[in-house]
Amino acid sequence: MATVRFDGVGKVYPDGTRAVLDLNLSIDHGEFMILVGPSGCGKTTALRMLAGLEAITEGEISIGDRVVNALDPPKRDIAMVFQNYALYPHMSVFDNIAFPLRSRRLPKAEIRSSVERTAKLLGVGELLKRKPRALSGGQRQRVAMGRAIVRDPKAFLMDEPLSNLDAKLRVQMRSEIANVQRELGTTTLYVTHDQVEAMTMGSRIAVMRGGVLQQEGAPERVYHAPDNLFVATFIGTPAMNLLSAVLEAGPDGLTCHVAEQRLSVQGSAELERYAGSRVALGIRSEYLCDPADDRRDCPRLRGSVESVEFVGAERFVRVKLPGKPLVVDEILEVAEDIDATAVIGILREAESESSSVVARFSASSSVRPGEHVELAVATDRLHFFDLETGRAIR
């Protein structure tokens with residue numbers, strides 16, 4: 001095990017395409033770090049540079065106390081788990097897991113002991129004689145992990161290893177991978193575009209956009225205190241509600257004019273400097289709720305219900321508010337990563353005179369589409385962003 005460091009790392013392809021810019025990131029000894037972002041953000045390129053599969057244009061990468069820029073992949077003492085498993089179809093499960101040990105010419109008894117111990121850890125001990133074609137997707141993924149684990153490397157690199165699995169199996173494998181990593185304590189860099197994986201698996205997450213690191217930290221920190229509009233939009237399900245707002249200073253303090261209504265807000269010195277300016281206001285769905293469920297005397301936003309989704313423990317209620325929707329590049333980029341048709345929907349909504357938010361109501365709520373409702377707003381949980389830079393105003 002070892003600490004992994006990116007120091008000013010960049011990647012420019014021969015055609016001039018910039019994939020990664022000035023990446024500075026440290027993954028501590030035994031840490032599970034998630035690198036997350038939309039397709040094409042540079043996260044896989046960063047992983048491949050660490051693995052030695054891509055040449056570095058600028059900066060240094062260190063594994064432990066060694067700079068590895070010039071080292072061939074086999075000499076870096078890392079193990080990689082790929083999206084497509086990369087198993088040898090003609091070999092048994094035992095032989096696939098044993099392959100890296102045989103390459104090192106270890107004694108047969110030591111190989112067998114290591115393979116059986118690893119297979120038991122991953123729950124494939126009964127499958128050692130089978131070929132990959134006789135395994136399910138989840139079993140193949142466990143074997144691919146076993147081939148990496150058995151080497152006892154300094155670091156694990158995982159490139160979207162769950163993307164080929166169905167939704168139910170992904171949930172199961174998320175838990176299993178996290179548990180195995182904790183048990184082994186091996187430094188791990190895990191790349192994904194799925195922010196749910198990022199939030200639920202890693203001890204820290206690093207969010208990338210356009211080859212640039214946007215924010216890194218504990219999942220709770222990134223979720224509750226996003227550094228910019230992109231992180232606020234990309235992290236969270238449902239996504240953070242974003243509305244156009246104007247801040248105003250008055251004798252009673254700072255107020256926010258949003259959705260043709262006014263909210264009193266607690267203003268920091270920096271926020272007060274935006275008085276008279278239009279900003280982006282963000283609020284998570286859990287801080288917009290049915291006034292009947294809220295015990296505090298919160299201010300209200302009024303609108304009409306567009307749709308209601310029952311998800312078991314609660315209801316996601318989409319509410320239409322007066323005022324033109326906020327459409328910024330960050331929202332469009334995240335929408336395009338999810339589904340290109342979502343961008344068309346957002347652009348169409350931009351021509352309307354109303355915007356939508358998602359609130360969380362209790363499962364027992366009887367609210368129906370078409371009804372007029374009030375939403376209790378936890379004003380101490382509001383986020384504000386500069387519309388020109390996208391930076392959080394704190």
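The following exercises, with worked solutions, concern a predicted model.

**Exercise 1.** Determine whether Arg262 is buried or exposed, and state in which strand Arg262 lies.

*Solution.* Step 1: locate the residue. Arg262 belongs to strand β13, which covers residues 261-264. Step 2: consider its accessibility. The relative accessibility of Arg262 is 51%. Step 3: apply the cut-off. Exposed means over 50%, and Arg262 therefore counts as exposed.

**Exercise 2.** Identify the residues with which Arg262 is in contact, leaving aside neighbours within four places in sequence.

*Solution.* Step 1: list the contacts. With those neighbours set aside, Arg262 touches Glu248, Thr255, Cys256 and His257. Step 2: examine the side chains. Those of Arg262 and Glu248 make a polar contact at 2.3 Å. Step 3: consider Val246. Val246 and Arg262 are separated by 16 residues in sequence, and their C-alpha atoms are 9.5 Å apart in space.

**Exercise 3.** Establish the order of the strands in the open sheet of 4 strands, and explain which strands stand at the edges.

*Solution.* Step 1: read the order. The strands are arranged as β2-β1-β4-β5, with antiparallel pairing. Step 2: find the edges. β2 (18-27) and β5 (66-67) each have a single partner strand, so one side of each lacks a neighbour in the sheet. Step 3: inspect one pairing. β4, residues 58-63, pairs with β5 in the antiparallel sense over 2 bridges; Ser62 has Val67 of β5 as its bridge partner.

**Exercise 4.** State which strands helix α1 lies across, and give its angle to β1.

*Solution.* Step 1: name the strands. Helix α1 (residues 43-51) lies across β1 (4-12), β2 and β4. Step 2: give the direction. Helix α1 runs at about 115 degrees to β1.

How values were computed:
Residues numbered from 1 in each chain as written. Predicted model: local features only at pLDDT ≥ 70, side-chain atom pairs only at ≥ 80, totals over all residues. Heavy atoms only, no water. Buried < 20%, exposed > 50% of the residue type's maximum accessible area, 1.4 Å probe, protein only. Contact = heavy atoms within 4.5 Å. Polar contact = N/O pair within 3.5 Å; in protein donor to acceptor, adjacent residues only side chain to side chain. Pairing = 2+ DSSP bridges. Axes fitted to C-alpha atoms, helices over the stretch in contact; angles between N-to-C directions.
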